[in-house]
Amino acid sequence: MKRSATVLLTALAPVSWGTTYAVTTQFLPPDRPLFTALMRALPAGLLLLALTRVLPRGAWWGKAAVLGALNIGAFFPLLFVSAYRLPGGTAAVVGSVGPLFVVGLSALLLRQRPAPRTLVTGVVAAFGVSLVVLRGAGALDAIGILAAVASTGSMAAGTVLTKRWGRPDGVGPLALTGWQLTAGGLLIAPVAFLAEGAPPALDGRAAGGYLYLALANTAVAYWLWFRGIGRLTATQVGFLGPLSPLTAAVVGWAALGQALTPVQIGGMALAFGATLAGQLGTGRSQSFSSAEKTSRKDSMDLTDRPLGR
């Protein structure tokens, strides 16, 4: 598949995540962020495990647990904590520096030396997102800021480690996604029940919202995300992250009647342009570790083979 097609398919993941806020506020019970995180992760993970019938082997039990914790188990709760404690779009602005986190970790773990243009592009993307989501000043909560930074760092580390470790022979991205969602969901479950108590009663509207989050927003979106990590550089994938807050702004305008100012529209143009620039000219100039080269070779195998085959 051509790289442009891979980029477009991978971009569908953050675009899908950009609908999370609207679905949560319009369909789901209020004040249950950890239960919502659990319902996103664990049912999707168990479904993918049932479909692929592939379990980790050997060292991959530990690797799957680490990736599941970084990409799901820690990221989801920290993201919700920051969203509940910070005003307006501050959490989204902190999250928009994710590409810079990925660039730094890629230099450390994948030996990819960032070009100055890459760093500038990351700053422009974060600035563009800030113009879109920041609406007025408010008191900043220290715990919320720490949670936002930690969630961004957790997702960035998970992205880079997923690239570094690749996948075991004969295991496709669908199985790898199932491992991580299940591991992350199992980490979230005790925290959710201890902090929020028994699950709330669900009507048809809420059940439909959770079904969308588990299937399209999580199972399919994370499969596309991890598949993209196998085929693109970690930096290219990281630069798709700002599409999530941009999508949230567009959904708010189109579906929730939230107006967009000229400044916000200009910020969207800046952030989107930076996202496109982040996909150009990064693949050939970077040095890949041997583990990443193996990951790129293995990523061509899209099959998920059951154990014993």
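Where is V237 found? It sits in helix 12, which covers residues 234-238. Keep in mind that this is a predicted model.

**The chain as a whole**

Let's zoom out before going back to V237. The protein chain has 15 helices and zero strands. Of its 309 residues, 52% are buried. If you look at contacts with a separation of 6 or more, 91% of them come from residues 24 or more positions apart. The accessible surface comes to about 13700 Å², and carbon and sulfur atoms own 70% of that.

**Back to V237 and helix 12**

V237 has a relative accessible area of 0%, so it counts as buried. Setting aside neighbours within four places in sequence, its contacts are T159, W225, G228, I229 and L232. There is also a long reach along the chain to look at: V237 and G278 are 41 residues apart in sequence, yet their C-alpha atoms are 8.8 Å apart in space.

**Three more buried spots**

S106 belongs to helix 7, residues 98-109. Its relative accessibility is 0%, so S106 is buried too. Beyond the four-place window in sequence, S106 is in contact with R111, Q112, V160, A234 and T235.

T275 is part of helix 14, which runs over residues 262-277. With 2% relative accessibility, under the 20% cut-off, T275 is classed as buried. Its side chain reaches the backbone oxygen of A271 at 2.9 Å. Not counting neighbours within four places in sequence, T275 is in contact with F239, L240, P242 and L243.

G252 is a helix 13 residue, and its relative accessible area of 2% makes it buried. Leaving out residues up to four places away in sequence, G252 touches G257 and Q258. The C-alpha atoms of G252 and A22 are separated by 7.1 Å, although the two residues are 230 apart along the chain.

Here are the accessibility values for several buried residues side by side.

| Residue | Relative accessible area |
|---|---|
| V237 | 0% |
| S106 | 0% |
| T275 | 2% |
| G252 | 2% |
| W17 | 14% |
| Y222 | 1% |

**What helix 2 packs against**

A22 brings us to helix 2, residues 20-27, where the buried residues are T20, A22, V23 and T24. Which helices do the buried residues of helix 2 pack against? The partners are helix 1 (3-17), helix 3 (33-52), helix 11 (204-231) and helix 13 (243-255).

**Aromatic pairs**

How many aromatic pairs are there? The count comes to seven. Take W17 and Y222: their ring centres are 4.8 Å apart and the planes meet at 40°, so this pair is tilted. It links distant parts of the chain, with W17 in helix 1 and Y222 in helix 11, 205 residues apart. Both ends fall under the 20% cut-off, so they are buried: W17 has a relative accessible area of 14%, and Y222 has 1%.

F35 and Y210 make an edge-to-face pair, at 5.5 Å centre to centre with 85° between the planes. This pair also links distant parts of the chain: F35 is in helix 3 and Y210 in helix 11, 175 residues apart. F35 and Y210 are both buried.

There is a cluster to look for as well. W17, F75, F76, Y222, W225 and F226 form one aromatic cluster. One of its members, W225, is also among the contacts of V237.

**Helix 10, bend included**

Helix 10 covers residues 173-196, and its length is easy to check. Its 24 residues, at 1.5 Å a residue, should span 34 Å; the end C-alpha atoms are 33 Å apart, which agrees. Where does helix 10 bend? The bend is at I188, by about 25°, and a proline, P190, follows within four residues. Just after helix 10 comes G197, with a positive phi of about 80°.

Note on methods: Residues numbered from 1 in each chain as written. Heavy atoms only, no water. Helix = DSSP H or I, 4+ residues; strand = E, 2+ residues; numbered from the N terminus. Buried < 20%, exposed > 50% of the residue type's maximum accessible area, 1.4 Å probe, protein only. Polar contact = N/O pair within 3.5 Å; in protein donor to acceptor, adjacent residues only side chain to side chain. Contact = heavy atoms within 4.5 Å. Areas by Shrake-Rupley, 256 points an atom, 1.4 Å probe, with all protein chains shown as cover. Expected span 1.5 Å × (residues − 1). Bend = angle between axes of the 7 residues up to and from the residue. Phe/Tyr/Trp six-rings, centres within 6.5 Å; stacked < 30°, edge-to-face > 60°.
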